[in-house]
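The following questions and answers are addressed to a reader at the bench. Please consult the sequence and the model alongside the text.

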Amino acid sequence: MNVIKNRDHYPYIYFFFEPNVVFVYQIEGDDYLTASELSERGEWQTYELHNSADFDSFYHEEQKPLEGRGYFVQQHQIGFMAGKINQLIQKQRRKKPAAIYLMENGPVHLVSSSSTAGALRYGLERPKKVIGFQEPFAIGPLWKLDSKIGQDYRYEWLNENINFEMEVYELENYFSKTLLEIEDIPEDVPLYIWTANNGDEQTWLRFILFLIRDKPNEMILINTTEQWCEDEGRSMVHTAWLHPEQLKVLFDQNKTAKPLSNEERARFQKDWEQLLQSKEVLRLWQNGRITSVPEDYFDGFIIKTIKQLHLQQETKEFIRAGEVIGEILGQLDELVTDSFFEYRIRHLIYNGILELKGIPKSMRHYRVKLRG
């Protein structure tokens, strides 16, 4: 079946599939949905038309739904329906005045990861709204990410190379949902943007400031690496490493800080425009700037780490990929996602440098050892 068109009938939305089937979804609440959440929120019913032309005048209240019949819907169709449902939700959300948004949500906190978002939601007093992203910005191409062709290029690379916990189409759907939440922020609401000195968060910082470049809101930057070094005398490489109560301390210290100037915002946006021209897939924070490095940058370190683990064994045995990655992450100051190291371990397997035992569908499912 192919979806042909849809119609809004809030709180319902109709999807017409050829040749004569209509799926009716009832929206419950005003939270945006991912594709996987469609079956968890709201209610679906299915109807059958006598003639496809009847769809324009179809209203489900006048019909009897089908019972005991199922239909197969493909992933891209579910993603399409999630997008249309979110557009209808956004229409309703935008009817609320900015004053109501601020009263219900408070200031908005923008962060690069779901783990940091969770810590802020727990640690900060209400009201507040926290918007976080799911995907790592230190890896994967950024080329033309502000366009559909660039987004397709990025997600194709991620899908072909990186083993995420969630499916890449779901990651892409979550990304789209997050963009809608950012679009909805009224201009009178203060924005707090959390970052740290690592390739992931610094890349994301430039992306988010480019994304909200036309918003007149006050934007206050909280760099947890610089703030926590100053207060505690030790380096904090990633915001997610801070506990909720520590994040609250930093917010209390910075909530009245000077907002970013137009010149500062323009400088970050210019950095992002330069990143959009690159097809490199690995970025680090080196000497106070984002540096794109070859994707095999850490391969030698991976091999060295496996050699060290072999030396701890009586005889050279297979080692779980997750153990290797845990050892690597424990030795690095720079933050790189574990899924990227798992990708490079598979590359070393494919090139005959490592032996494999198991199925490399995730770092938990296989073991490796050096050949020879």
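The questions below concern a predicted model, and they proceed from the whole chain to individual helix contacts and residues.

Q: How many helices and strands are in the protein chain?
A: The protein chain combines both kinds of element. Its C-alpha atoms fill a box of roughly 75 × 55 × 35 Å along the principal axes. The count is 12 helices and 13 strands.

Q: What percentage of the residues of the protein chain count as buried?
A: A residue is taken as buried when its relative accessible area is under 20%. The protein chain has 372 residues, and the buried share is 48%.

Q: What share of the area that the protein chain exposes do carbon and sulfur atoms supply?
A: The exposed area of the protein chain is about 18900 Å². Carbon and sulfur atoms supply a share of this area equal to 46%.

Q: What percentage of the contacts with a separation of 6 or more joins residues 24 or more positions apart?
A: The contacts considered in the protein chain are those with a separation of 6 or more. Among these, residues 24 or more positions apart account for 61%.

Q: Why are α10 and α11 described as roughly perpendicular?
A: Helix α10 spans residues 299-311 and helix α11 spans residues 321-331, and their axes lie 10 Å apart. Angles of 65 to 115 degrees count as roughly perpendicular. The two helices are therefore placed in that class, since they pack at an angle of about 110°.

Q: Which residues of α11 are met by α10, and how many residues of the contact are nonpolar?
A: From α10, the contact uses F301, I302, T305, I306, Q308 and L309. These meet E323, V324, E327, I328 and Q331 in α11. By class, the contact has two charged residues, three polar ones and, as the number asked for, six nonpolar ones.

Q: Is the crossing of α4 with α5 left-handed or right-handed?
A: Helix α4 covers residues 148-161 and helix α5 covers residues 168-183. Their axes come within 9 Å and cross at roughly 145°. The handedness of this crossing is right-handed.

Q: Which residues of α5 are met by α4?
A: On the α4 side, the contact involves D152, Y155, L158 and N159. The residues of the contact divide into five nonpolar, one polar and two charged. The partners in α5 are V168, L171, E172 and F175.

Q: Which residues of α8 make the contact with α3?
A: The axes of helix α3 (residues 114-123) and helix α8 (residues 244-254) come within 8 Å and cross at roughly 75°. The two helices are therefore roughly perpendicular to each other. From α3, the contact is made by A119, L120, Y122 and G123, and from α8 by P244, L247 and K248.

Q: What is the omega of the peptide bond from E18 to P19?
A: Most peptide bonds are trans. The bond from E18 to P19 is cis, and P19 lies in the loop between β2 (12-17) and β3 (21-26). Its omega is near 5°.

Q: Where is P127, which follows R126 through a cis peptide bond?
A: The peptide bond from R126 to P127 has an omega near 0°. The place of P127 is in the loop between α3 and β6 (129-132).

Q: Is K144 buried or partly exposed?
A: K144 lies in the loop between β6 and α4. Its phi is near 55°, a positive value in a residue other than glycine. With a relative accessibility of 39%, K144 counts as partly exposed.

Q: What is the relative accessible area of N287?
A: N287 is found in the loop between β9 (283-286) and β10 (289-292). Its phi is positive, near 55°. N287 is exposed, and its relative accessible area is 82%.

Q: Which residues does L356 touch, not counting those up to four places away in sequence?
A: L356 is found in strand β12 (residues 354-358) and is partly exposed, with a relative accessible area of 35%. Its C-alpha atom is separated by 9.9 Å from that of I345, 11 residues apart along the chain. The residues that L356 touches are F318, I349, Y366 and R367.

How values were computed: Residues are numbered from 1 along each chain as its sequence is written. This is a predicted model: local features need pLDDT of at least 70, side-chain atom pairs count only at pLDDT 80 or more; totals for chains, interfaces and linings use all residues. Side-chain values use heavy atoms; hydrogens and water are left out. Axes are lines fitted to C-alpha atoms, for helices over the stretch in contact, and angles run from 0 to 180 degrees between N-to-C directions. Helices (H or I, at least four residues) and strands (E, at least two) are DSSP runs, numbered from the N terminus. Angles under 35 degrees count as roughly parallel, over 145 as roughly antiparallel, 65 to 115 as roughly perpendicular and the rest as oblique. Contact means heavy atoms within 4.5 Å. Ala, Val, Leu, Ile, Met, Phe, Trp, Tyr, Cys and Pro count as nonpolar, Asp, Glu, Lys and Arg as charged, and the others, Gly among them, as polar. Buried means under 20% relative accessible area, exposed over 50%, partly exposed in between (1.4 Å probe, protein chains only). Accessible areas come from the Shrake-Rupley method with a 1.4 Å probe; for residues, only the protein chains shown count as cover. A crossing is left-handed if the near helix is turned anticlockwise from the far one by less than a right angle, and right-handed if clockwise.
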